[in-house]
Amino acid sequence: MALNSVNTNNGAMVALQNLQATNKELESVQSRINTGKKINTAKDNGAIWAIAQGQRSEISALVSVKDSLDRGASAVDVSLAAGESVSDLLVQLKEKALAATDKSLSTASRSALNEDFKALRDQITSVVSNASFNGLNLLDNSLGTAGYRALANSAGGTMRVAGENLSLGGGNVTVAATTTIGTSTLATTALGLVNASIANVSASLARLGTGAKSLETHRTFVGKLSDALESGVGNLVDADLAKESARLQSLQTKQQLGVQALSIANSSTSILLGLFR
């Protein structure tokens, strides 16, 4: 080291530069430890940050997709429960209609059967009108042929669960709101309508069940996809804390040595004073 000037201390300048570099690196390591991320802002690594941000937006969108699928699944579950109740009511209607076809029934017995039949018939309307979840009713034909369309992906794609009209006289339930079993002839006609309704409702429930299964399967897939994307983002931006801890200790030691080196470099000019004593 040349000792020829009190105006310029090259050793001190080099020591200071190295100390500043160490402090900057130490600040970066401390930031990684505090945040748990090796890339926290675009300044850390613009390309990786942009990729991670894009995946975060995808994950956020999948939350909306999952919410839509959850609403659809809940609406279908309610519809299935109500549809099964309608099927059970039709089974009871069949029992009443079949009994009323007996021509030997007394007037009082036939009247009692007819009243029971009408009460069960009207209960179907009550069940169907109350089979709604969050304003969605897949059994009263309020959604038309469109049914319920749940979000399927972040691009706005959808998957549809068709509605099934189980209202009285609505096609699947051929029993009308005016069907009675007041006579054996009416009972015979009603029995045919009930049998057809049972077959139609069973087919409707099968279709709803298939739709429910599709929503459930896709909901599981969306959950796995979201988890995979979160893991991928973590691989891109998360810091290795064990590694950063080791680097922290190393840099702290390096910082202390840098301070000492700077102190030595700053004191070197005092040696020149000995030349003039």
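How many Å should the 23 residues of α3 span at 1.5 Å a residue, and how far apart are its end C-alpha atoms?

**View 1. Helix α3, end to end and from its buried side.** The model shown here and in the other views is predicted. At 1.5 Å a residue, α3 should span 33 Å, and its end C-alpha atoms are indeed 33 Å apart, so expectation and model agree. The buried residues of α3 are a mixed bunch: Arg110, Asn114 and Arg121 are buried, and so are Leu113, Phe117, Leu120, Ile124, Val127 and Val128. As for what they pack against, that would be α2, α4 and β2 (136-137).

**View 2. The largest nonpolar core.** This core has 50 residues, and the ones touching the most other members are Val86, Leu90, Ile124, Val173 and Ile181. Two or more residues come from each of α2 (46-100), α3 (107-129), β3 (148-151), β4 (158-161) and α4 (184-237). Helix α2 gives the largest share, with 15 residues. For background, nonpolar side chains in soluble globular proteins tend to be buried together.

**View 3. Zooming in on isoleucine 124.** Ile124 is one of the buried residues of α3. Skip its neighbours within four places in sequence, and isoleucine 124 is in contact with Val86, Leu89, Leu90 and Leu93, plus Leu166 and Leu168. Two of those partners, Val86 and Leu90, are also listed with Ile124 among the core residues that touch the most other members.

**View 4. Helix α5 and its cover.** Helix α5 runs over residues 241-267, and its 27 residues should span 39 Å at 1.5 Å a residue; the end C-alpha atoms are 39 Å apart, so this one agrees as well. Buried in α5 are Glu244, Leu248, Leu251, Gly258, Leu262 and Ala265. Part of what covers them is α1 (10-35). Leu262 and Ala265 turn up again in a second, separate core of five residues, which also includes Ala12 and Leu19.

**View 5. Glutamine 256, out in the open on α5.** Buried or exposed, where does glutamine 256 fall? This residue of helix α5 is exposed, because its relative accessible area is 53% and the exposed class starts over 50%. Threonine 22 is 234 residues away along the chain, yet the two C-alpha atoms are separated by 9.9 Å.

**View 6. The largest pocket.** About 410 Å³ of space lies in this pocket. Its lining has 14 residues, with Glu27, Ser28, Ser31, Lys43 and Asp44 lying nearest the centre. By type, the lining divides into eight charged, five polar and one nonpolar.

**View 7. Threonine 180, in the loop before α4.** Threonine 180 is found in the loop between β4 and α4. At 23% relative accessibility, threonine 180 counts as partly exposed. Leaving out residues up to four places away in sequence, its contacts are Asn114, Phe117, Lys118 and Arg121, together with Leu186, Ala187 and Ala190. Of these, Asn114, Phe117 and Arg121 are buried residues of α3. C-alpha to C-alpha, threonine 180 is 15 Å from valine 91, with the two positions 89 residues apart in sequence numbering.

**View 8. Two buried serines in helices.** Which residues does serine 79 touch, not counting those up to four places away in sequence? The list is Ala131, Leu138, Leu139 and Leu208. Serine 79 sits in helix α2 and counts as buried, at 0% relative accessibility. The other serine, serine 226, is in helix α4, and it is buried because its relative accessible area is 13%, with the cut-off being under 20%. Serine 226 touches Ile59 and Leu62, again leaving aside residues up to four places away in sequence. Its C-alpha atom is 16 Å from that of leucine 215, which is 11 residues away along the chain.

**View 9. Two asparagines with positive phi.** Asparagine 134 is in the loop between β1 (132-133) and β2, and its phi is near 55 degrees, a positive value in a residue other than glycine. At 60% relative accessibility, asparagine 134 counts as exposed. Asparagine 141 is in the loop between β2 and β3, with a phi near 70 degrees, which is positive too. At 46% relative accessibility, asparagine 141 counts as partly exposed.

Definitions and conventions
Residues are numbered from 1 along each chain as its sequence is written. This is a predicted model: local features need pLDDT of at least 70, side-chain atom pairs count only at pLDDT 80 or more; totals for chains, interfaces and linings use all residues. Side-chain values use heavy atoms; hydrogens and water are left out. Helices (H or I, at least four residues) and strands (E, at least two) are DSSP runs, numbered from the N terminus. The expected span of a helix is 1.5 Å times one less than its number of residues. Buried means under 20% relative accessible area, exposed over 50%, partly exposed in between (1.4 Å probe, protein chains only). Contact means heavy atoms within 4.5 Å. On a 1 Å grid over the protein atoms alone, a cavity is a set of points where a 1.4 Å probe fits but cannot get out, and a pocket is an open set with protein on both sides within 12 Å along at least five of seven lines; lining residues have an atom within 4 Å of a point. Grid points are joined across faces, edges and corners, and a volume is the space filled by probe spheres set on the points. Ala, Val, Leu, Ile, Met, Phe, Trp, Tyr, Cys and Pro count as nonpolar, Asp, Glu, Lys and Arg as charged, and the others, Gly among them, as polar. A nonpolar core is a set of buried Ala, Val, Leu, Ile, Met, Phe, Trp, Tyr and Cys residues joined through side-chain atoms within 4.5 Å.
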